[in-house]
Amino acid sequence: MKKFALQDHELVPTHIILISEEKEKVLEEYGVGAAQLPKIHISDPVIKDMEEVVVGDIIKIVRESPTAKQSIFYRLVID
Amino acid sequence: MTVPKRIGKISFGLISPQEFRRMSVVKIITADTYDDDGFPIEMGLMDPRLGVIDPGLRCRTCGGRPGECPGHFGHIDLIAPVIHVGFAKLIRKALRAICRECSRLMLLENDKRMYLEQIKTLIELGQPIDDVVNKVFSEARKPKKCPYCGASQKDIKFERPLSYIEDGHKLTPSDIRDRFEKIPDDDVKVMGMNPDSARPEWTILMVLPVPPVTMRPSITLESGQRSEDDLTHKLVDIIRINQRFQENREAGAPQLIIEDLWELLQYHITTFLDNTVSGVPPARHRSGRPLKTLSQRLKGKEGRFRGSLSGKRVNFSARTVISPDPNLSINEVGVPMEIAMELSVPLVVNSRNMDALRNFVRHGSEAHPGVNYVTRSDGRRVKITSRNCEEVADMLEIGWKIDRQLMDGDIVLFNRQPSLHRMSIMAHKVVVMPYKTFRLNPAVCPPYNADFDGDEMNLHVPQTEEARAEAQILMRVQENILSPRFGGPIIGGIHDYVTGSFLLTHGERRVNRREVMELLKKLPVSDLPPPKGVDEEGRPYWTGKQVFSHVIPEGINLSFRADFCMNCDQCKEEECEHDAYVVIRDGELLKGTIDAAAIGAFKGKLTDRVIKELGPSVAAEFMDSMTRMAIRGIMLAGFSFGIDDEDIPREADNQIQDVVKTAREDVQKLIEAYDAGELEPLPGRTLDETLEMRIMQTLGKARDNTGSIAGRYLGLDNSGVVMAVSGARGSMLNLTQMAACVGQQSVRGERIHRGYEGRTLPHFRNGDLSSEAHGFVQSSYKHGLSPTEFFFHAVGGREGLVDTAIRTSQSGYLQRRLINALQDLEVNYDGTVKETRGIIVQFKYGEDGVDASRRDYAGPENVHRIVQKVLGKESS
């Protein structure tokens with residue numbers, strides 16, 4: 001069976017792993033600890049589809065929004 | 001007053017018998033409460049060490065007076081252990097999970113370690129551990145033999161409410177307790193409990209705490225008799241049985257009697273904790289009323305949490321029937337004199353207001369605006385009467401506080417239940433009035449969802465300067481004209497306001513000088529515009545549009561389609577021949593008719609523009625002037641609706657009959673085609689469905705046709721049409737139903753099929769598919785319905801009633817759950833939405849960080865407006 005890249009689907013928003021400097025920038029911007037971000041399971045289909053994601057990473061999710069054009073979310077990868 | 005202690009953290013757990021004894025101030029041994037002289041008996045249920053409730057006495061434990069002493073727990077030593085009902089399910093799970101011999105959790109060491117690890121991480125993340133714990137219990141139940149001591153396990157049956165039966169023998173609470181005591185601490189942790197604060201055996205009571213008298217006060221009736229609290233009654237029962245149990249056991253009574261007594265003790269303690277356990281008959285008062293015991297005090301709407309902590313009764317509030325007064329401002333509320341004299345605002349005397357306040361005090365409490373109480377600087381309160389008012393007024397000093405009666409200009413909160421959104425409580429300015437109802441401008445009915453068929457509303461008087469300021473700035477009606485739901489005005493003209501402005505502004509309505517004066521009577525107008533023209537007799541006249549322009553603030557430029565726009569194929573805009581295209585230039589109404597689309601609640605485009613361009617104060621003024629003028633506009637024209645307004649000429653009636661008849665025949669033809677098998681099914685439908693759809697279509701079209709026939713004879717001279725077209729009340733469909741034909745009645749969107757087998761009513765043949773046999777009402781309300789039509793109409797009407805009844809209860813509960821889940825969320829200054837622990841819920845409020853009520857319907861329209869404002873003309 002052919003394997004599809006989940007992120008190519010139009011209904012799946014873009015998921016990006018943040019590198020550590022970016023991580024710190026995000027946490028500083030919002031003035032919170034990583035534990036205060038929304039969570040995403042490492043077993044989430046999109047996360048499983050991505051490479052080199054480990055627990056504790058922060059994922060940036062960019063979503064198309066009818067009102068704001070782009071809405072950005074950050075999620076902490078948890079077990 | 002002592003400094004209140006700060007709560008650092010709260011931890012929940014079970015209390016051990018040792019803990020119970022340690023916190024107890026007295027061991028209760030007698031079931032008696034007071035002796036013959038009315039003094040509490042020592043070591044009885046009203047022992048003075050448990051706290052004080054009688055005024056004048058002091059607590060024997062802490063020395064506090066009633067009100068200061070919080071009360072202290074006592075205890076009863078139970079002769080035999082008893083199960084705590086609240087833990088019956090936990091006990092069952094634990095019994096099945098542990099070995100009957102060695103009491104170890106029947107899981108392999110490795111599994112235990114794994115589960116423990118999972119629980120630990122979940123706790124660190126602050127997430128519920130229920131799923132893991134349930135898994136532990138269900139896995140540990142499976143082995144037939146204990147993996148540690150090898151003892152074979154027996155099935156434990158649980159019988160409601162509180163029996164655990166193993167192999168045909170009932171386990172006594174002592175047996176269970178013995179087993180639980182042997183569970184190792186490590187196993188307890190795997191079961192999701194913390195052995196330091198909650199050991200499993202503590203779910204079985206050895207000692208019963210006796211609540212302090214302060215939470216079960218006895219009341220003295222007028223007859224001098226004492227009446228004890230329900231909890232005290234229950235405790236009396238427990239102590240009696242406990243004593244009897246002890247006597248019998250010491251006397252060596254037969255096992256059977258001991259067991260019975262044990263059971264009885266269990267019953268009393270169960271009902272003491274919870275009197276609604278299924279399978280246990282509720283304990284009753286002598287009168288037959290079920291006792292209100294511990295759990296009943298906490299649970300439900302009137303319970304401690306929902307009834308006493310989240311919601312309380314308050315002072316400085318009033319409630320009465322509401323009625324309309326279009327001459328009030330939307331920011332005002334009319335308060336009856338009687339209420340105004342009861343409610344008060346606290347004011348502190350200072351050097352600047354001294355004389356004014358002294359004057360209030362001089363009025364006493366019987367002349368408005370007077371003063372009800374004066375609080376001196378030492379905290380003593382003096383009730384002001386006509387006798388002492390002069391004296392107190394002369395004594396008045398700086399720093400004293402007076403409770404001044406409510407008077408004009410005070411700010412109060414006004415509320416109508418159900419308080420579903422923030423506009424259900426708004427701040428109004430008081431206007432004291434005669435008579436006994438609260439008065440409000442009907443334009444503020446929509447946010448409260450109020451009408452005047454007997455609705456009551458509540459009024460609250462803020463008691464601090466901060467509260468008043470906050471109410472004034474955030475909660476005033478004018479600040480809430482725009483709804484955060486859709487960004488448009490939720491306050492606006494309704495009913496007669498819409499009709500009035502429609503009648504005034506539609507077409508070239510001429511008004512003479514006297515009428516203009518009447519219309520502008522209550523408005524701040526100093527001079528009239530030049531008259532539009534001179535009539536045949538040489539007298540000047542003005543147009544309704546000119547008069548209405550007076551209430552539109554200067555600087556408003558706006559054009560839009562009125563509510564009664566006919567939706568022509570090609571909109572001629574400013575050249576509209578129906579006068580349905582509104583053009584306003586610099587506050588001058590040039591063309592078009594003012595109706596619901598301009599000033600109505602929920603849709604008013606004019607109101608919307610005024611508030612967004614010129615701010616809430618101007619908008620409030622506009623609403624006030626508009627409502628005053630519109631009411632005079634409708635009074636000037638005169639407006640009524642009666643049964644003869646539904647009259648249509650005979651020829652129209654004949655045409656309607658023809659339409660209905662053809663429709664009936666068309667249906668008959670469809671049925672014949674269906675019977676002959678000539679009907680073509682629509683794609684994706686069965687033949688039956690196709691027939692039903694075609695019939696519905698035909699009949700629907702017939703009803704519309706009758707409506708348009710009737711509409712041809714009902715013009716704008718008909719008051720029903722004026723209301724429907726202007727958006728004031730009702731629709732053309734309502735008029736059609738009254739004048740022409742009621743149409744098809746439906747249940748769940750289909751024709752009516754229910755009833756007898758094969759037919760709806762005995763008036764029809766079996767299998768009759770005709771229009772009249774399935775709920776088509778060809779009569780109009782004016783003509784009256786035939787008996788079968790009436791029945792079908794009732795069937796259809798009932799569905800509507802049931803739907804609304806179900807919808808309100810369902811949406812009410814949904815709302816409650818939503819609000820409980822969302823009430824602590826907060827939008828921060830950086831636009832993030834966080835909950836109390838600082839956990840982010842949204843990174844930007846609503847994705848775009850926009851407050852809907854500050855948004856101008858968004859879209860490119862906004863740009864056009866800015867261009868127009870800057871250039872002073874339409875952009876191309």
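In chain B of this predicted model, strand S14(B) is joined by 3 bridges to strand S17 (residues 456–460), and the two run antiparallel. Within this pairing, B:Asn415 stands opposite B:Asn458 of S17(B). Strand S14, which covers residues 411–415, also pairs with strand S15 (residues 425–433) of chain B, again in the antiparallel sense, here over 5 bridges. One of the residue pairs between these strands links B:Leu413 to its bridge partner in S15(B), B:Ala427. Strands of a sheet pair through backbone hydrogen bonds, in either a parallel or an antiparallel arrangement.

A further sheet is found later in the chain. Three strands of chain B form an open sheet in the order S28-S29-S30, with antiparallel pairing. The edges of this sheet are occupied by strand S28 (826–827) and strand S30 (840–842), each of which has a single partner strand, so one side of each is left without a neighbour in the sheet. Strand S28(B) is connected to strand S29 (residues 833–834) through 2 bridges, and these strands run antiparallel. In this pairing, B:Glu826 has B:Lys834 of S29(B) as its bridge partner.

The strands described above belong to a chain with 27 helices and 30 strands in total. Among the helices of chain B is H26, which comprises 36 residues (787–822). From its first C-alpha to its last, helix H26 reaches 52 Å, close to the 52 Å expected at 1.5 Å a residue. Of the 36 residues of H26(B), the number buried is 1, so the helix lies largely in the open.

With regard to overall dimensions, the C-alpha trace of chain B spans about 120 × 100 × 60 Å along its principal axes. The radius of gyration of chain B is 38 Å, whereas a compact globule of 876 residues would have a value near 29 Å. Buried residues account for 33% of the 876 residues in chain B. Considering the contacts in chain B with a separation of 6 or more, 67% involve residues that are 24 or more positions apart.

Chain B also touches a second chain. In this interface, 8 residues of chain B are in contact with 12 residues of chain A. The side contributed by chain B consists, by class, of 3 nonpolar, 2 polar and 3 charged residues.

Definitions and conventions:
Residues numbered from 1 in each chain as written. Chains lettered and ligands numbered in written order. Predicted model: local features only at pLDDT ≥ 70, side-chain atom pairs only at ≥ 80, totals over all residues. Helix = DSSP H or I, 4+ residues; strand = E, 2+ residues; numbered from the N terminus. Rg over C-alpha atoms; globule rule 2.2 N^0.38 Å. Buried ≥ 20, exposed ≤ 12 C-beta atoms within 10 Å, placed from the backbone. Contact = placed C-beta atoms within 7 Å. Expected span 1.5 Å × (residues − 1). Nonpolar A, V, L, I, M, F, W, Y, C, P; charged D, E, K, R; others polar. Pairing = 2+ DSSP bridges.
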